[in-house]
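Thanks for sharing this one with me. Here are my notes, written as numbered points so that you can follow along at the bench.

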Amino acid sequence: LHGNCILEDMGRTRIEGIFRDGEISGTMTKSWFFSDGRLKKQYIGDIFEGELCGYGELRSDNEVYTGDFKANKFHGKGLRIVGRTVNNHFEEERRFSGEFRYHQLHGEAIEESRHFKFQGTFKNNRRHTGKAYWSGGSMFEGDWQNKHRQGYGTYHCKKSDIFYKGPWLDDVAIHRAVSLSVTLDPRRKSSTLIPQDQHLKKAKTKAKSKKNTAPQMQTEGWG
């Protein structure tokens, strides 16, 4: 093979690009198809020895990734947008930008959705430490485990003007705080803070019930 060529595999895949002495050279387009002939996903970018390797874009009905690849996986700097396609229009739901390692977020990255933003470090596709912002104005900076605040952190709720600095367990603040201040809304008749021992019991019960059930981001390989 030499020059512009198209290779098809029984209607399952199609490769378009420039070949030199039987090997693809430079960028290429690789498409995957469903059994009924509909397009499943498509890659436009660099290839090395038959694998997605270098820089490119991989697109499907529910996901778009633009950035670095290695051994058919997201690896290096990239932007991953997750959503869905409705009436041939892609609607974004979440985006992840930063450092990827073999298809997982690992290192400095940003996770964003309509009502939430996290900026910090990830380990094996999990939030590790950083800042989180909610659309209502609340902010948390500190440690994470899986998708929960766990370890030590600072939280400020703009709406109720609560500031908490101390330990967390399974997304629950433990009231043995280094710093805790509350400004009460005068329109409210009362406000109750949960004692530390009750809060700890609640957190441990919640952690036990959710053990090994924390949702993960999609990490399937593209094959």
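The points below go from the whole chain to the core, the hairpins, the salt bridges and one loop residue.

1. A word on the model: it is predicted, so to speak of a local feature takes pLDDT of at least 70 and to count a side-chain atom pair takes pLDDT 80 or more, while totals for chains, interfaces and linings use all residues. Residues are numbered from 1 along each chain as its sequence is written, and side-chain values use heavy atoms, with hydrogens and water left out.

2. The whole chain: you will find one helix and 16 strands (DSSP runs, H or I of at least four residues for helices and E of at least two for strands, numbered from the N terminus). Of the 223 residues, 32% are buried (buried is under 20% relative accessible area, exposed is over 50%, and partly exposed is in between, with a 1.4 Å probe and protein chains only). The accessible surface is about 14000 Å², and carbon and sulfur atoms hold 49% of that surface (Shrake-Rupley method, 1.4 Å probe; for residues, only the protein chains shown count as cover). Among contacts with a separation of 6 or more, 16% are between residues 24 or more positions apart (a contact means heavy atoms within 4.5 Å).

3. The core: the largest nonpolar core has 31 residues, and the members that touch the most others are Met 28, Tyr 43 and Phe 69. Such a core is a set of buried Ala, Val, Leu, Ile, Met, Phe, Trp, Tyr and Cys residues joined through side-chain atoms within 4.5 Å. Leaving aside residues up to four places away in sequence, Met 28 touches Ile 15, Glu 16, Tyr 43, Ile 44, Gly 45, Ile 47 and Leu 52.

4. The hairpins: strand E11 (residues 126-134) and strand E12 (residues 139-145) are antiparallel and share five bridges (two strands pair if DSSP finds at least two bridges between them). Thr 129 has Asp 143 of E12 as its bridge partner. Four residues lie between these strands, and Gly 137 in this hairpin has a positive phi near 110 degrees. E12 also runs antiparallel to strand E13 (residues 148-157), with six bridges; here Phe 140 is partnered with Tyr 155 of E13. That second hairpin has two residues between its strands, and Asn 146 in the turn takes a positive phi of about 60 degrees.

5. The salt bridges: the count is eleven, each being a side-chain nitrogen of Lys or Arg within 4 Å of a carboxyl oxygen of Asp or Glu. Arg 14 pairs with Glu 16 at 3.3 Å, N to O; Arg 14 is partly exposed at 26%, and Glu 16 is partly exposed at 30%. Arg 59 and Glu 57 have their closest N and O atoms 3.5 Å apart. Arg 84, Glu 91 and Glu 93 are linked in a network of salt bridges.

6. A cross-strand pair: which residue forms a salt bridge with Lys 77? The partner is Glu 99, with the closest N and O atoms 3.6 Å apart. Lys 77 is in strand E7 (residues 73-86) and Glu 99 in strand E8 (residues 89-101), so the pair ties together parts 22 residues apart in sequence. Lys 77 is exposed at 52%, whereas Glu 99 is partly exposed at 29%.

7. A loop residue: His 103 sits in the loop between E8 and strand E9 (104-113). Is this residue buried or exposed? His 103 is buried, at 5% relative accessibility. Its C-alpha atom is 9.3 Å from that of Asn 124, 21 residues apart along the chain.
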